[in-house]
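Welcome to this guided tour! Open your viewer, get ready to select residues by number, and follow along stop by stop.

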Amino acid sequence: MGVHSASELVLAGLDPEQRAAVTAPAGPVCVLAGAGTGKTRAVTSRIAHRALTGEVSPRHVLAVTFTARAAAEMRARLTALGAQGVQARTFHAAALRQVRYFAPRLLAGRAMPELLDSKARVVTLAAARVGLRTDRAAARDLAGEIEWAKSSLVEPGEYVVAAAKALRDTPHEPAKVAEVFAAYERLKRSNGVIDFEDMLRAAVWGIEEHPDVAEQVRGQYRHFVVDEYQDVNPLQQRLLETWLGGRDDLTVVGDASQTIYSFTGATSAYLVDFPRRHRGATVVRLVRDYRSTPQVVGLANAVISQARGTEARLRLELRGQRPTGPEPELRIFTDEPAEAAAVATRCRALVDAGTPARELAVLFRTNAQSEAYEKALTDAEVPYVVQGAERFFERPEVRQAMVALRAATRSIPGHTPLRDAVVEGLSAVGWAPDAAPAGGAARERWEALAALVQLAEEYGASPPVLPIGEAAAVERPVTLADFNDELARRVAQQHVPTVEGVTLASLHSAKGLEWDAVFLVGLSEGTLPTTYARTAEQVEEERRLLYVGITRAREWLWLSYAVARSPGGRARRPSRFLPQFDRSGGGTERAVAGPATRRVERRRPQMVSCRICGATLLAGPDRKLGRCPTCPSDIDQGLYERLHDWRARVAGAQKVPAYVVFTDATLVALAERRPGRPEELIAIAGIGPRKLGLYGEPVLALVGGAGVDDVCPEKTFEIEP
């Protein structure tokens, strides 16, 4: 095959926008690529097309991204397109390769320092040096602050001011964090080790301070591609600019609406400002979504269309390219256990219907929410895997808490209310039922232990029936020992190994992945957006998290929230990001006129729940059916046909359209629910006192087994004027 034919094959099947990105001229190119728009195909096709046409040599191209998985996918696609020799690596892998190569020259023969796999151990020692005691979670939070500072090019002496400007939620007083930061840097130097940020800085230093190294690196790499450019931090941007050395053959790909890692130092500012920083840049927008159905795409557009702030300037309106699919399901549940049980029931039904468990995902805002879904899926005998985090009962803080609770049975009286006993037992591991601490890891730890307290509340609300001797079974209050036995049972059940299962993941760890069916759960105010989102920018990032979650679904999408955290708990509102939820909790307005005043009174309608899964029904037809449209129907087909025939005769006799008698939805509801008494009949939405008087007797007779001829031989069903 000739070069011309090979390059044409690369262009085959591309849509007009993708083709524009692939064939854009040399120089600065910015590809704004929405979720599911084929950005990886576009960027690898651009590299391959340029290589196959002779515009660039593959060995002179460096493509960088953020995960080893994404880099491996890039390399595989480039090889398949005939562009072998392109270097596709993460920022860290590319920098490490260069630093190791040039180390003998840069270090004058000295050995390269050891690279730390984790900062936690050194951070713990540094904290101790400045008089700060830390546990594992606190060390992780301090390490996260140090990573943010170093990625943001902030030195220890600049930390306090920089943290204030960035509105950082610091794990300790900023001045104390700065002390730990400085001690950490001193310990590294004295021990002859470096961290990943040091390695990126070393790559920058090697090029900027050594002309011979700069000449060799820039001679090797002349054309650059950066994927997920909205996630670049200032240190990575500095390295990229060092590689470029004033040249402008740079292609960046990103989506400002998927900027969800700002807490790590990532910023979409470089993507947003790309056309300004690179005059004459080519900007291409990819908006054809090949991943999700038009229904999923429509909801994603509705959510992100309300975005405000800097990232909204590059907002893309996606256009779904797949065939039509089911509408996203929006569910309200009384409490979180009911929500988790309904999700597990639906997962069980989907798996039984042939959907592989690996194509289902349950996504939530925080890892602490996973426990309820781990239990519910276990109870429903649905296998699952936890993405990006340990299973709930395998987390170190949970294991430590369970040890403390077992020890507490020796000191806490058996008559102590269960919740109080658990809170007292957890005090041994430093947990207290007040506000969650600052810092992501410490907060996750607090929330995980809070989940144990909630579990105790739920378990204690249903005292077990226990045999006592030979006497009849009796109830007694649940003790801490009972609760420990329950935890042990759950641990045993959830340690069953699974090869394939439903994915449980936080929204952050789900980015870059996709599934046939996605459950977005816990969508209440205080969870999404989190209560820790205090600024407008932080709230907008929470909105983008939901957008990312929605765009993970290919075909089927479920969104839900629970009115209360636990049964009988305080009511919460649905997330402000969900325009489809009625934030008032349901209701209609009616005018009430008095002699001298006129006021508006809100009338709350009767709440109707699905008789199968328990979700609150919002749509009129669903309320009439008494179930969600996707929940299994138990219709009596023979009864439905008799009702249909009867309705046709009555409508003909009255000379009115059939729906005036009963709508199709009412017929289905009658054939499914099969009312046996007038009070059961009138409970069906759409059947009021008037229709009960007109049609109640024949309908109940039909439900009881009568034939159509038996109930309306010559009757005309005249309606009184």
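Start by selecting Thr551 and Val548: a polar atom of the Thr551 side chain lies 3.0 Å from the backbone oxygen of Val548. That is a polar contact (a pair of N or O atoms within 3.5 Å; within protein, one must be able to donate a hydrogen and the other to accept it, and residues adjacent in sequence count only if both atoms are side-chain atoms). Now add Tyr547, whose backbone oxygen is reached by the side chain of Thr551 at 3.0 Å.

Before moving on, a word about what is on your screen. This is a predicted model, in which local features need pLDDT of at least 70 and side-chain atom pairs count only at pLDDT 80 or more, while totals for chains, interfaces and linings use all residues. Residues are numbered from 1 along each chain as its sequence is written, and side-chain values use heavy atoms, with hydrogens and water left out.

**Around Thr551**

Where does Thr551 sit? Look at the loop between helix H23 (536–550) and strand S18 (553–564). Helices (H or I, at least four residues) and strands (E, at least two) are DSSP runs, numbered from the N terminus. Is Thr551 buried or exposed? Thr551 counts as buried, at 2% relative accessibility; buried means under 20% relative accessible area, exposed over 50% and partly exposed in between (1.4 Å probe, protein chains only). Leaving aside residues up to four places away in sequence, Thr551 touches Ala35, Arg291, Ser292 and Ala300, where contact means heavy atoms within 4.5 Å.

**A partly exposed loop residue**

Next, select Glu500, in the loop between helix H21 (480–494) and strand S16 (502–506). Glu500 has a relative accessible area of 33%, so Glu500 is partly exposed. Show Ala357 too: the two residues are 143 apart in sequence, yet their C-alpha atoms are 6.6 Å apart in space. Not counting residues up to four places away in sequence, Glu500 touches Pro356, Ala357, Arg358 and Pro383.

**Aromatic rings**

Now for some rings. A pair of aromatic rings is described by the distance of the centres and the angle of the planes. Rings of Phe, Tyr and Trp (its six-membered ring) pair if their centres lie within 6.5 Å; planes under 30 degrees apart count as stacked, over 60 as edge-to-face and the rest as tilted. How many aromatic pairs does this rule give? The count comes to 15. One of them is Phe519 with Trp558: the ring centres are 5.3 Å apart and the planes are at 55 degrees, so the pair is tilted. This pair links distant parts of the chain, with Phe519 in strand S17 (residues 515–520) and Trp558 in strand S18, 39 residues apart. Phe519 is buried, at 0% relative accessibility, and Trp558 is buried with a relative accessible area of 0%.

Then select Trp646 and Phe662, another tilted pair, 6.0 Å centre to centre with 35 degrees between the planes. To see an aromatic cluster, pick Phe66, Phe91, Phe224 and Trp243.

**Salt bridges**

Side chains of opposite charge can pair when their charged atoms come close. A salt bridge is a side-chain nitrogen of Lys or Arg within 4 Å of a carboxyl oxygen of Asp or Glu; by this rule there are 43. Select Arg50 and Asp249, whose side chains meet in a salt bridge at 3.0 Å, N to O. Arg50 lies in helix H3 (residues 39–52) and Asp249 in the loop between helix H12 (234–244) and strand S7 (250–254), so the pair ties together parts that are 199 residues apart in sequence. Arg50 is buried at 6% relative accessibility, and Asp249 is buried at 10%.

Now go to Lys375 and Asp379, a salt bridge with the closest N and O atoms 2.5 Å apart. These two are four residues apart in helix H17 (residues 370–379), so about one helical turn separates Lys375 and Asp379. Lys375 is partly exposed, with a relative accessible area of 21%, and Asp379 is partly exposed, with 44%. Finish this stop with Lys39, Asp227, Glu228, Asp231 and Lys511, joined into one network by salt bridges that share partners.

**Last stop: helix H27**

How many of the 10 residues of H27 are buried? Seven are, and the helix is mostly covered. The buried residues are Thr666, Leu667, Val668, Ala669, Leu670, Ala671 and Glu672. Step just past the helix to Arg674, whose phi is positive, near 45 degrees.
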